[in-house]
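Subject: Structure handover

Hello,

Here is the structure I promised to pass on. Please open it first, then read the notes below.

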Amino acid sequence: MARSLFRAGYFVGAPLCAGLGRCGRCRVRYLTPPPTPLPAEVRRLGEAALAEGWRLACLRPAQGGERLTLDATGPAPTYDPAAVTGSLGGDGPLGLAVDIGTTGLAWRLVDLADGSVAAEGRGVNPQLGAGGEVVSRLAFALEPGGGAYLRDLVLDVIAQKAALAGDRLAGLCVAGNSAMVSILCGKELSGLAHAPYGLVWRAGEEVALGRALPPAYIPPLLGPFVGADLSAGLTALLRQAPTYPFLLADLGTNAEMIVGLAPDRFLAASAPLGPALEGVGLSQGALAGPGVAVSFELTPTGVVPVLFPGSDAPGAAHGIAGPGYLSLAALLREQGVLDTDGRFAQTPAPTPLGQRLRRLVATEHGEPVFETAGYRLFASDVEELLKVKAACNLAVASLLGAAGLSTADLAGVHLAGAFGAKVAPDDLESLGFFPPGLAGRVHVAGNLSLAGATLFLTAPLARATAEALPAVTTIVPLVDASGTSDASDAFIRRMVFAYVP
C-alpha cells in the first residue's frame, strides 16, 4: 500500500524503510474497519495508536476500497539548508553540478569563468518514498511507468536549481551511483536489477534530459555498483596528488570503495549496506536535521546526545542520524554495555560507570532497549548495525586481500560522502568497520562526487581522466557468482563489533 500511495504523490521525499515495518513514517489511519494488528505494528505503534485504527502501510497490500487518513506525507528535514555562498549577480555562464545519492541530493552552482561557487545546498532524494535502498528503488523503476515517475521527481529538483541560474546556465553535470544515474537517464536497468549483474550502459557521455536543460555530462560507471559518483570522486581526489596506496571509501546506502595502487592501477568493490547509515529503517532513525542526534557523549551525568548543528536547546527527541547510532553503539561497546556479538551484555561491566549504564537497559515488547534522554537503541537496531558493519568489513578485507596489502601498507583512507563527513573515524575503528590502527590515517574528504562533478564543468579536460579509469580499474567481487555457503559464512563471521580480516 505504501508504494501505491507514493505513486499517487504521497510520501515523496519521506525516507521510508522499504517494507521493514520499522521507521513508522508510512503510518495510516483506517476510516474503515482496520485489519488485525501485526507484531511489527504492535511494537512500532503501540496499543493506543492501534486502537485508534493506525497501521503501517508498508505492511499492508492495497485491497481497494480502503478509506485512510495519512499521518505525515511531507519531506524529511534536509541535511543542510540551501545556501547562497557567493553571488548570482553578473552575466557570466554558470554550471550546475549535481550528486544524486540513494538518500540525499547535493547540488552546486558554479561560475564557469573563475570556478567560484554561487550557490549550493543538500536535501533529500525525492524518490525515497519508493524505498530507502537501491534494490527497492530498482524494483519500483521496473514497474510499468515506475522509472519515468522516479525520473521526473529528480528532474523536478534539477530544474528548480537550474532556474536559479536562468538563461546563464551553460553546463550541467550529474554524478551518482549506477542505479540513480541510469534511472535519471532512462537507461536499461536489467543488468543492475538481476544477477548476473553487469553494465548495459557505461556512461562517460553527455545525455539530453529535456526540460530545456543543457546536455548533462554523466561520468563513467566503473562497475554495476561502482558508479559515476566514484569516478567523479576519484578524479577529484587524484587532483590532490594522494600518496599511494590509499583507500577511498564512500559509505552510505552502498559502500563503494577503491584502492589506489598506482596512477594506472585501481581495485574497486561495493557492498550493499542498506539505508541504516543514512538514518533510515532504524527505530528512531532520522535524516540529520533540527533535534536529531548526530553523536553521543559520555559526561558525569551520563550519556547525552549531541544535536545537529543549529538545533535549539534539547527538547523532545526527534530521532538519531546514522553517525549518531554508530556513536552510541561505540560508546556502549567501550563501556561493556554491548558485547562483541552485539548483545546487551549479561556479565558484570568492567567499571562502575558501565554498571550504571547497564541499569538503563529495559525491555519493551520483549526486546531489550537502552534509553537515554528520550533516545533509544533497540536490540534490533544493533542487529541492523551489525549487518552494515559486516558488509563494510567484508568489502575492506576483500580489497586489501586482492591488493596484497596489510593495514600498515595503506598511506591513508579518504572518507567521502555526506555520511563520511559526519561520522567519527574512531567509531568506525572501534566497531570494526575498518582495521585497527587506521583511524589516525583517515582523512575526511567531504563530498568528492560533487567536487568531481564541479571539476568536469570548470575544467572539462578532467573528463578524459575519468574516462580512462574503467580501463585501469578492476572490480573485486565480494562473493562468487554461485552463491556458495562460503560467501554467507564470510558475511556471518563478520557480524561482530570487531574487524575480521
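Let me start with a strand pair. Strand 1 (residues 27-30) runs antiparallel to strand 2, and 3 bridges hold the pairing. Within that pair, Val28 sits opposite Arg55 of strand 2. One thing to keep in mind throughout: this is a predicted model.

The pair belongs to an open sheet of 3 strands. The strand order is 2-1-3, and the pairing is antiparallel. Which strands stand at the edges? They are strand 2 (54-56) and strand 3 (68-70). Each has a single partner strand, so one side of each is left without a neighbour in the sheet. On average, neighbouring strands here are turned by 40 degrees against each other, direction ignored.

Strand 6

Next, look at strand 6 (residues 104-111). Is this strand buried or exposed? Buried: 8 of its 8 residues are, so strand 6 is largely enclosed by the rest of the structure. In a regular strand, side chains alternate between the two faces of the sheet. Both faces of strand 6 are covered. On one side, Gly104, Ala106, Arg108 and Val110 are buried. On the other side, Leu105, Trp107, Leu109 and Asp111 are buried too.

Strand 6 pairs with strand 5 and also with strand 7. Take strand 5 to begin with. The two run antiparallel and are joined by 7 bridges. Ala97 has Arg108 of strand 6 as its bridge partner. The link between strand 5 and strand 6 is a hairpin through 3 residues.

Now strand 7 (residues 117-124). Its pairing with strand 6 is antiparallel, over 7 bridges. Arg108 turns up again here, opposite Glu120 in strand 7. This pair also forms a hairpin, with 5 residues between the strands. In that turn, Gly115 has a positive phi of about 80 degrees.

Two helices in contact

Helix 4 (residues 134-141) meets helix 5 (residues 146-165). Their axes come within 6 Å and cross at roughly 115 degrees. Helix 4 brings Arg137, Phe140 and Ala141 to the contact. Helix 5 brings Gly146, Gly147, Tyr149 and Leu150. Sorted by class, the contact has 4 nonpolar, 2 polar and 1 charged residues.

Cavities

How many cavities of 30 Å³ or more are there? The count comes to 3. The largest cavity has a volume of about 250 Å³, and 20 residues line it. Nearest its centre lie Asp99, Gly101, Asp229, Asp250 and Glu278. Strand 5 (94-100), strand 11, strand 12 (254-262) and helix 12 (417-422) each give two or more residues to the lining of this cavity. Helix 12 supplies the largest share, 3 residues. By class, the lining of the largest cavity splits into 4 nonpolar, 10 polar and 6 charged residues.

Backbone details

There are two cis peptide bonds to look at. One joins Ala195 and Pro196, with omega at about -5 degrees. Pro196 lies in the loop between helix 7 (190-193) and strand 9 (205-207). Another joins Tyr244 and Pro245, with omega at about -10 degrees. Pro245 is in the loop between helix 8 (228-238) and strand 11 (246-251).

Then look at two residues with positive phi. Ala241 has a phi of about 55 degrees, although it is not a glycine. Where is Ala241? In the loop between helix 8 and strand 11. Ala241 is exposed, with a relative accessible area of 62%.

His365 also has a positive phi of about 55 degrees, and it is not a glycine either. His365 is found in the loop between strand 16 (361-364) and strand 17 (367-372). This histidine is partly exposed, at 48% relative accessible area.

If you want a place to begin, try Arg108. Find it opposite Glu120 in strand 7, then look for its bridge partner Ala97. After that, turn to the largest cavity and find Asp99 and Gly101, which are among the residues nearest its centre.

Best wishes

How values were computed: Residues are numbered from 1 along each chain as its sequence is written. This is a predicted model: local features need pLDDT of at least 70, side-chain atom pairs count only at pLDDT 80 or more; totals for chains, interfaces and linings use all residues. Side-chain values use heavy atoms; hydrogens and water are left out. Helices (H or I, at least four residues) and strands (E, at least two) are DSSP runs, numbered from the N terminus. Buried means under 20% relative accessible area, exposed over 50%, partly exposed in between (1.4 Å probe, protein chains only). On a 1 Å grid over the protein atoms alone, a cavity is a set of points where a 1.4 Å probe fits but cannot get out, and a pocket is an open set with protein on both sides within 12 Å along at least five of seven lines; lining residues have an atom within 4 Å of a point. Grid points are joined across faces, edges and corners, and a volume is the space filled by probe spheres set on the points. Ala, Val, Leu, Ile, Met, Phe, Trp, Tyr, Cys and Pro count as nonpolar, Asp, Glu, Lys and Arg as charged, and the others, Gly among them, as polar. Two strands pair if DSSP finds at least two bridges between them. Axes are lines fitted to C-alpha atoms, for helices over the stretch in contact, and angles run from 0 to 180 degrees between N-to-C directions. Contact means heavy atoms within 4.5 Å.
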